[in-house]
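Trainee: Hi! I have a new model open and some time to go through it. Could you walk me through a few spots?
Mentor: Happy to, let me put it up.

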Amino acid sequence: MSVLNKNDSFREALNSSGSIYKAACYLSGNSAEADDLVQDVYLKAYANWGKYKPGTNCKAWLFTILHNTRINQLNRDAKKPEAMPNEKLEMLPANVITPAVELSKVVEEMVADEIKAAIKKLPAEYIEPIVLAWVGDFSYAEISEILGCPVGTVMSRLHRARALLRGALTEYLNKK
């Protein structure tokens with residue numbers, strides 16, 4: 001396949017960039033890590049585009065890459081110390097704005113802080129299935145394939161995650 005044809009056909013993958021970025025924001029917790037994660041996903045997807053089977057679910061294929069890349073990132077991050085204390089971050093100039101930061105602000109405004117906080121408080125095994133279901137709009141079978149676990153496990157994790165979120169958000173609304 002020539003580079004031109006590869007670039008033309010890769011547009012299919014680029015159509016899912018918004019969903020990939022939104023999911024990366026949920027999974028990583030901040031826009032800088034999400035930017036890196038999305039960049040890694042698309043670099044890997046482009047490098048392995050020949051392995052993608054046209055006609056299959058490209059979005060699910062990309063979310064599988066996202067899932068695997070995130071696992072690798074977590075393993076790598078567990079081995080390195082914190083790079084910069086928060087006090088030093090506050091000293092950075094406030095006028096540094098990039099397109100990625102502006103995009104992340106839009107994503108941040110799309111979802112209420114309370115919902116994001118409630119999702120972050122979920123047990124780790126529930127976060128990815130709920131993000132894949134809500135942000136990725138994947139079916140149980142697709143989530144099962146992306147995460148590499150049985151459909152029944154996906155269903156029970158989603159049920160428990162939704163119940164925990166319902167409880168947390170009901171508690172929040174009752175405080176208002």
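Trainee: Let's start with V154. Which helix is V154 in?
Mentor: V154 belongs to helix α10. Keep in mind that this is a predicted model.

Trainee: Is V154 buried or exposed?
Mentor: V154 is buried, because its relative accessibility is 1%, and the cut-off for buried is under 20%.

Trainee: Leaving aside neighbours within four places in sequence, what is V154 in contact with?
Mentor: With that filter, V154 is in contact with Y140, I143, S144 and C149. There is also a pairing to note with Y126: 28 residues separate V154 and Y126 in sequence, while their C-alpha atoms are 8.8 Å apart in space.

Trainee: Y126 is in α8, right? Which residues of α8 are buried?
Mentor: The buried residues in α8 are Y126, I127, E128, P129, I130, V131, L132 and A133. That is eight of the eleven residues, so α8 is largely enclosed by the rest of the structure.

Trainee: And what about P123, where does that one lie?
Mentor: P123 is in the loop between α7 (113–120) and α8 (124–134). P123 is partly exposed, at 31% relative accessible area. Its C-alpha is 9.9 Å from that of R160, and the two residues are 37 apart along the chain.

Trainee: On to the other loop, between α8 and α9. What is the phi of D137?
Mentor: D137 has a positive phi of about 55°, although D137 is not a glycine. D137 sits in the loop between α8 and α9 (140–147).

Trainee: Is D137 buried or exposed?
Mentor: D137 is exposed, with 62% relative accessible area.

Trainee: Back to α10 for a second. Which residues make the nonpolar surface patch?
Mentor: Y140, V151 and M155 make a nonpolar surface patch of about 240 Å². V151 is in helix α10, which covers residues 151–175, and V151 is partly exposed at 35% relative accessible area.

Trainee: New topic: salt bridges. How many does the structure hold?
Mentor: The structure holds one salt bridge. The side chains of R70 and E33 meet there, at 3.8 Å from N to O.

Trainee: Which helices do R70 and E33 lie in?
Mentor: R70 lies in helix α4 and E33 in helix α3 (residues 31–47), so the pair ties together parts that are 37 residues apart in sequence. As general background, side chains of opposite charge can pair when their charged atoms come close.

Trainee: Are R70 and E33 buried or exposed?
Mentor: R70 counts as buried, at 10% relative accessibility. E33 counts as partly exposed, at 28%.

Trainee: Does anything else touch that pair? I mean, which residues does S28 touch?
Mentor: Not counting residues up to four places away in sequence, S28 touches E33, A34 and R70. S28 is in helix α2 (residues 17–28) and is buried, with a relative accessible area of 11%.

Trainee: What does the side chain of S28 reach?
Mentor: The S28 side chain reaches the backbone nitrogen of A34 at 3.3 Å. A polar atom of that side chain also lies 2.7 Å from the backbone oxygen of A24.

Trainee: Now α4 itself. What span should its 21 residues have?
Mentor: At 1.5 Å a residue, helix α4 (residues 58–78) should span 30 Å, and its end C-alpha atoms are 30 Å apart, which agrees. At the start of α4, a side-chain oxygen of N57 comes to within 3.1 Å of the backbone nitrogen of K59.

Trainee: Which residues of α4 are buried?
Mentor: Among them are W61, I65, T69 and Q73. In an α-helix there are 3.6 residues a turn, so residues three or four places apart point the same way.

Trainee: Let's finish on T69. What joins its side chain to K44?
Mentor: A polar contact of 3.3 Å joins the side chains of T69 and K44. A polar atom of the T69 side chain also lies 2.7 Å from the backbone oxygen of I65.

Trainee: And which residues does T69 touch overall, skipping those up to four places away?
Mentor: T69 touches L37, D40, V41 and K44. T69 is buried, too, at 4% relative accessible area.

Conventions: Residues are numbered from 1 along each chain as its sequence is written. This is a predicted model: local features need pLDDT of at least 70, side-chain atom pairs count only at pLDDT 80 or more; totals for chains, interfaces and linings use all residues. Side-chain values use heavy atoms; hydrogens and water are left out. Patches are made of residues with over 30% relative accessible area and no salt bridge: like charges are joined within 9 Å, nonpolar side chains (Val, Leu, Ile, Met, Phe, Trp, Tyr) within 5 Å. Accessible areas come from the Shrake-Rupley method with a 1.4 Å probe; for residues, only the protein chains shown count as cover. A salt bridge is a side-chain nitrogen of Lys or Arg within 4 Å of a carboxyl oxygen of Asp or Glu. Helices (H or I, at least four residues) and strands (E, at least two) are DSSP runs, numbered from the N terminus. Buried means under 20% relative accessible area, exposed over 50%, partly exposed in between (1.4 Å probe, protein chains only). The expected span of a helix is 1.5 Å times one less than its number of residues. A polar contact is a pair of N or O atoms within 3.5 Å; within protein, one must be able to donate a hydrogen and the other to accept it, and residues adjacent in sequence count only if both atoms are side-chain atoms. Contact means heavy atoms within 4.5 Å.
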